[in-house]
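Biologist: Could you take me through the surroundings of the ligand in this model, slowly and in plain words? Once that is clear, carry on outward into whatever connects with it.

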Amino acid sequence: AESIERHSYDVVVIGAGGAGLRAAIEARHSGKRVAIISKSLFGKAHTVMAEGGAAAAMGNVNSKDNWQVHFRDTMRGGKFLNHFRMAELHAKEAPDRIWELEAWGALFDRTKEGKISQRNFGGHEYPRLAHVGDRTGLELIRTLQQRVVALQQEDQAASGEYDGSLRVFAETTIVRLLKDEQGRIAGAVGYYRETGQFVLFEAPAVIMATGGIGRSYTVTSNSWEYTGDGHALALLAGAALVNMEFIQFHPTGMVWPPSVKGILVTESVRGDGGVLRNSEGKRFMFDYVPDVFRKQYAETEDEADRWYDDQENNRRPPELLPRDEVARSINSEVKAGRGTPNGGVYLDVSTRLPAEEIRRRLPSMYHQFKELADVDITAQPMEVGPTCHYVMGGIEVDPDTQGTKVPGLYAAGECSGGMHGSNRLGGNSLSDLLVFGRRAGLHAAEYVDGLGASGAPAVAQADVDAAVEEALAPLANPDGENPYTLHHDLQVAMNTLVGIIRKPEEVSEALTKLEDFKPRHKKVGSVGGRRFNPGWHVALDLRNMLIVSECVAKAALEREESRGGHTRDDFPAMSSKWRQVNLICSLSEDGAGIDLLHQPIPTIRPDLLGLFEMSELKKYFTDEELAVLGADSA
Ligand code: FAD
C-alpha cells in the first residue's frame with residue numbers, strides 16, 4: 001500500500017456550499033478544529049448559482065407573514081410528507097439566519113423604508129424571499145466565505161496560523177467514509193483532483209453537505225459535481241436514505257440551444273410577472289389548477305394580473321403554483337402538440353415589464369439568454385421546459401441534531417432528507433442550508449465533546465487501503481469500458497424511464513438496466529494516469545450515481561400514488577394511506593444492493609396541525625386519522 005497524506009480534525013465537513021460552510025462556521029464557533037472539503041473550486045457550489053432568494057418569514061413586505069404561515073406553506077408544498085419538526089424549526093429559525101448573514105456583511109435588496117426586501121415565489125402566501133437581484137446565492141456564499149476568512153484571521157492573530165483550526169481543502173473528492181470497530185465514524189478518504197494523490201482525514205465527526213444528484217439525468221440544471229456522492233457515501237457507511245422517489249423537475253430550464261439544455265431559468269421571472277404560453281398563445285396554466293389549490297389561485301387573466309399590484313384583493317396567478325404542478329402542466333402541453341419548435345413552451349416577460357425593469361430585476365437571466373441563445377428577453381419570449389433540479393429525498397437525519405443512524409455522521413442541506421416532503425418550495429433551500437447547516441455544526445461539535453479525551457475512534461489501516469484500492473481499479477483497467485458511455489446510458493435510462501411521469505413497466509425496465517449497469521461498472525476503465533484525469537473521476541462518480549439511481553427507481557416503483565415530485569401514470573391521485581409512509585433505502589446485508597422498507601411517518605404535533613383548517617386536512621389525511629383529530633379538537 002502506498003503511504004498516504006494524513007490529517008486529523010475534530011469535525012470534517014464534506015461540501016463547501018451553504019450548508020457545509022454554515023456547519024463549519026458553527027463547529028469552529030464551538031471551539032472545534034474543522035476541515036472543509038470541496039470537490040470543485042472553493043466558492044463554486046450550487047449555492048452560488050441560486051438566483052431567486054432565501055425564504056424567511058420576516059414580514060418586512062407584508063406584516064401578516066410569520067413562521068406559522070411559512071410552516072403551513074412548506075407543509076402544503078411538500079404535500080404533508082415533510083418531517084413536521086424540520087419544517088417547524090426551519091420556519092422559526094430562518095429569519096435569524098438571514099439577520100445573522102447581514103451581521104456578517106451580506107447586503108440584501110431593500111424596501112423603500114430600508115428593510116430587507118422580500119419577493120414573491122411559487123407556493124409562498126406572502127412575499128418572503130430575501131434576495132439580491134437574481135444573484136442571491138452569490139451573496140450568501142460570498143458572505144459565508146468572508147466569515148471563514150474572518151475566523152482564520154482571528155486564528156492567525158491568536159496562534160500565528162491562518163488555517164490552524166479551520167482549513168479548506170478545495171478540489172478534493174471524498175470517496176469513502178471510515179468507521180471504527182464499534183461502528184462510529186472515524187474519518188474519510190479522498191483524493192486531490194489535480195494530482196490524484198490520496199488523502200486521509202481522521203475525525204470523530206463528519207458532516208455531509210454534498211448537495212444534489214442531478215447528473216444521473218440527461219436534462220438537468222445541476223453542474224458536473226452533483227453525482228449524489230453524499231447520499232451514496234452515507235448509505236455505504238450504514239445510514240439510511242428517505243423518500244428518494246421525490247425529485248424536483250424545475251418547470252423552466254432552457255431548451256435551446258442543445259449545448260445548454262437544462263440550464264435554469266429562475267422562478268423569479270414568473271414571480272416578477274412572466275407568464276407561460278403555449279404555441280397557440282394561450283396562458284394554459286389556468287387549465288391546470290388542481291382542486292387542492294383552487295381557492296388560492298386566480299381564475300381569470302385579469303385577476304391574475306391585478307394581483308401583482310394588489311395582493312390583498314386578488315388571487316395569485318396560476319404560473320405561481322408549486323413547481324411540480326407547473327412542470328407537469330408544461331409536460332402535458334408539449335405532449336399534446338402545443339409546444340414550441342424546440343419542445344418547450346414560451347415564458348414571456350417582454351410584454352409584461354419595461355425593458356429597463358427586466359434588466360434591473362433579472363440581470364443574470366438577461367445575460368444568460370443573450371449570450372447562450374442570442375435571445376433578448378426584453379423583446380422576445382424564452383423557450384423553456386422541465387429540468388431535473390433538486391432532490392427532496394436524502395440522508396435520514398434527526399430533525400433537531402441532523403445526526404444520522406451512524407454515530408458521528410451528520411448531514412445538512414440538499415443531501416439530507418425530510419424537510420421538504422414530496423416537493424420543495426423555491427427559496428426554501430437557501431434557508432434550509434443556513435438553519436440546518438448551523439444545527440449540524442453545533443451538534444457535531446457537541447458529539448465530539450461527549451466523546452471525552454480518550455474516545456476518538458481509530459481508523460483501521462485495512463479500511464484505508466481498501467478505499468484506495470477501490471478507487472485505483474479503473475486506472476488498472478485501461479482497456480475497460482469508457483466511463484462516459486456508461487454515464488450516458490445511465491442518464492438516458494433515468495431521464496426517459498424514471499422522469500416526470502412514471503409508468504411501472506418503465507421504472508421496472510430502468511431497474512433491469514441498473515442491474516445490467518452494475519457489472520459494466522466493475523469493468524469500467526480509464527486511460528491515462530492519476531494527474532487531473534476527468535475520465536477516471538467519472539468512473540469513480542459512477543458508483544455513487546448507480547447507487548442513488550437504484551434508490552430513486554426502487555422507491556418510485558414502490559410508491560403507488562402521485563404526490564409532489566413523484567407522478568405515477570397508473571395512480572394519478574394522492575393517497576392518504578401513502579401519506580403515512582416514508583420509504584427508506586439502506587444497503588443490503590451483502591452490500592450488493594439496496595433494501596427498501598416502509599417506515600411510519602412521524603405524527604404531526606397537534607398544535608402544528610391546529611394551524612390548518614379541518615377542511616384542508618381532509619385532503620391529506622385518512623378518515624381514521626381525521627376521526628382522532630376530530631375527537632382531539634372536540
Ligand atoms: P451545494 O451548494 O450544492 O454544495 C455541495 C458541495 O459539496 C460542493 O462544494 C461540492 O463540491 C461538494 N461535494 C460534492 N461531492 C463531494 C465529494 N464527494 N467530496 C467532496 N466534496 C463534495 N434554492 C433556493 O432556495 N433559492 C434559489 O433561488 C435557488 N436557485 C437555484 C438555481 C440553480 C441554478 C440551482 C442548480 C439550484 C438552485 N437552488 C435554489 C437550489 C439550491 O441552490 C441548492 O439546493 C443548494 O444550494 C444546495 O446547497 P448545499 O449546501 O446543500 O450544497
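Modeller: Start at Ile174, where a backbone N or O atom sits 3.0 Å from a nitrogen atom of the ligand. Keep in mind that this is a predicted model. Two side chains also reach the ligand through polar atoms. Glu414 has a polar side-chain atom 2.7 Å from one of the ligand's oxygen atoms, and for Thr47 the distance from a side-chain N or O atom to a ligand oxygen is 2.6 Å. Now for how wrapped up the ligand is: taken on its own it has 1000 Å² of accessible area, and the protein covers 99% of that.

So what does the wrapping? Five elements each put two or more residues into the shell: helix H1 (18–29), helix H2 (46–49), strand S8 (172–179), strand S16 (382–391) and helix H12 (428–451). H12 gives the largest share, with 4 residues. The shell has 39 residues around the ligand, and those that come nearest are Thr47, Gly52, Asp229, Glu414 and Leu430. Sorted by type, the shell holds 14 nonpolar, 19 polar and 6 charged residues.

Let's follow one of those elements, S16, away from the ligand. Of its 10 residues, 9 are buried, which makes S16 a mostly covered strand. S16 pairs in the antiparallel sense with strand S13 (residues 247–254), over 6 bridges, and also with strand S15 (residues 345–348), again antiparallel, over 3 bridges. Val384 is a handy residue to click on here. Met254 has Val384 as its bridge partner in S16, and Val345 stands opposite Val384 too. As a rule of thumb for looking at any such strand, side chains in a regular strand alternate between the two faces of the sheet.

There is a little sheet to look at as well. This one is open, has 3 strands in the order S4-S6-S5, and pairs in the antiparallel way. Strand S4 (54–55) and strand S5 (118–119) are the edge strands; each has a single partner strand, so one side of each has no neighbour in the sheet. S4 pairs with strand S6 (residues 129–130) over 2 bridges, in the antiparallel sense, and Leu129 in S6 is the bridge partner of Ala55.

Next, go to helix H5 (residues 136–159), which is where you'll find Leu151. Leu151 has 1% relative accessibility, so it counts as buried. What is it up against? Setting aside neighbours within four places in sequence, Leu151 is in contact with Ile25, Arg28, His29 and Leu166. Take His29 from that list: 122 residues separate it from Leu151 in sequence, yet C-alpha to C-alpha the two are 8.7 Å apart in space. Helix H1, one of the elements giving residues to the ligand shell, spans 18–29.

Last stop, a loop. Ser526 lies between helix H15 (504–522) and helix H16 (534–558). Is Ser526 buried or exposed? Its relative accessible area is 3%, and because buried means under 20%, Ser526 counts as buried. Beyond its neighbours within four places in sequence, Ser526 is in contact with Pro474, Leu475, Asn477 and Pro478, and also with Gly535, Trp536 and Ala539.

Key:
Residues are numbered from 1 along each chain as its sequence is written. This is a predicted model: local features need pLDDT of at least 70, side-chain atom pairs count only at pLDDT 80 or more; totals for chains, interfaces and linings use all residues. Side-chain values use heavy atoms; hydrogens and water are left out. Two strands pair if DSSP finds at least two bridges between them. A residue is near a molecule or strand if one of its heavy atoms lies within 4 Å of it. A polar contact is a pair of N or O atoms within 3.5 Å; within protein, one must be able to donate a hydrogen and the other to accept it, and residues adjacent in sequence count only if both atoms are side-chain atoms. Accessible areas come from the Shrake-Rupley method with a 1.4 Å probe; for residues, only the protein chains shown count as cover. Ala, Val, Leu, Ile, Met, Phe, Trp, Tyr, Cys and Pro count as nonpolar, Asp, Glu, Lys and Arg as charged, and the others, Gly among them, as polar. Buried means under 20% relative accessible area, exposed over 50%, partly exposed in between (1.4 Å probe, protein chains only). Contact means heavy atoms within 4.5 Å.
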